[in-house]
Amino acid sequence: MRLPLGLGAGAALLAVMAGAFGSHGLRGTLDARSLEVFQTAVTYQMNHAIALVLVALLALTSLSRRLLTAAAVLFAAGIVLFSGSLYLLVLTDLRWIGPLTPLGGLCFMMAWALLVVAAVRHPSLPSQG
């Protein structure tokens with residue numbers, strides 16, 4: 001699971017860089033709403049970059065490798081579709097890109113759901129009940 005670890009670390013690095021760019025390079029250039037949207041993209045990118053690193057670490061357990069791989073793919077797709085589309089909406093006039101944002105959000109939700117399934121289906125985790 002080196003790829004999710006590398007993608008997560010790279011996405012986190014880019015989120016820090018984008019956050020600095022938004023705070024320093026875009027102030028005075030964008031209106032308050034656009035800066036807020038840009039910050040939302042940075043926040044979701046960082047949160048899900050950390051999720052990718054988490055998935056890589058969970059691969060060291062006996063959780064389903066198939067479910068973890070699928071979650072990693074969806075987290076990465078979500079970062080590109082959700083955060084990427086918000087960055088493009090703020091920085092360009094490409095309004096057609098807007099419908100990609102909810103698809104990215106759906107990718108995030110499905111990835112988290114897969115982690116729930118991986119935990120519930122894990123044979124050695126005690127169940128309460």
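Helices here are DSSP runs of H or I, at least four residues long, and are numbered from the N terminus. By that reckoning, L13 lies in helix 1, a convenient place to begin a walk through this predicted model.

The overall architecture is quickly told. The protein has four helices and zero strands, so that in sequence order the pattern reads α-α-α-α. Its C-alpha atoms fill a box of roughly 55 × 25 × 25 Å when the box is taken along the principal axes. Of the 129 residues in the protein, 40% are buried.

How do the helices sit against one another, and at what angles do the axes of helix 1 and helix 2 and of helix 2 and helix 3 cross? Two packed helices are described by the angle between their axes and the distance between the axes. Helix 1 spans residues 2-25 and helix 2 spans residues 32-58; their axes come within 8 Å and cross at roughly 160°. Angles over 145 degrees count as roughly antiparallel, and helix 1 and helix 2 are therefore roughly antiparallel to each other. The crossing of this first pair, helix 1 with helix 2, is left-handed.

Moving along the chain, the axes of helix 2 and helix 3 come within 9 Å, with a crossing angle of roughly 165°. Here too the cut-off of 145 degrees applies, so helix 2 and helix 3 are roughly antiparallel to each other. The crossing of helix 2 and helix 3 is likewise left-handed.

Returning to L13 in helix 1, one may ask whether this leucine is buried or exposed. L13 has a relative accessible area of 52% and is exposed, because the class of exposed residues begins over 50%. In space, the C-alpha atom of L13 is 8.5 Å from that of M46, although 33 residues separate L13 and M46 in sequence.

Helix 2 also holds a charged pair. A search of the whole structure finds one salt bridge, and the side chains of E36 and R33 meet in a salt bridge with an N to O distance of 3.3 Å. Why are E36 and R33 separated by about one helical turn? The reason is that E36 and R33 are three residues apart in helix 2. The two partners fall into separate accessibility classes: E36, at 46% relative accessibility, counts as partly exposed, whereas R33, at 52%, counts as exposed. The boundary lies at 50%, which is why E36 and R33 are classed as they are.

Further along, V80 is placed in helix 3, which covers residues 65-91. With 59% relative accessibility, V80 counts as exposed, since that value is over 50%. V80 and T101 lie 21 residues apart in sequence, and their C-alpha atoms are 9.2 Å apart in space.

The last stop is helix 4, which runs over residues 100-120 and includes M110. Which residues form a nonpolar patch on the surface? The patch is made of L103, L106, M109 and M110, which together offer about 380 Å² of accessible area. One of these residues, M110, has a relative accessible area of 37% and is partly exposed. That value is over 30%, the level of relative accessible area that residues of a patch must exceed.

Note on methods. Residues numbered from 1 in each chain as written. Predicted model: local features only at pLDDT ≥ 70, side-chain atom pairs only at ≥ 80, totals over all residues. Heavy atoms only, no water. Helix = DSSP H or I, 4+ residues; strand = E, 2+ residues; numbered from the N terminus. Buried < 20%, exposed > 50% of the residue type's maximum accessible area, 1.4 Å probe, protein only. Patch = residues over 30% accessible without salt bridge, like charges linked within 9 Å, V, L, I, M, F, W, Y side chains within 5 Å. Areas by Shrake-Rupley, 256 points an atom, 1.4 Å probe, with all protein chains shown as cover. Salt bridge = Lys/Arg side-chain N within 4 Å of Asp/Glu carboxyl O. Axes fitted to C-alpha atoms, helices over the stretch in contact; angles between N-to-C directions. Parallel < 35°, antiparallel > 145°, perpendicular 65-115°, else oblique. Left-handed = near helix turned anticlockwise from the far one by under 90°.
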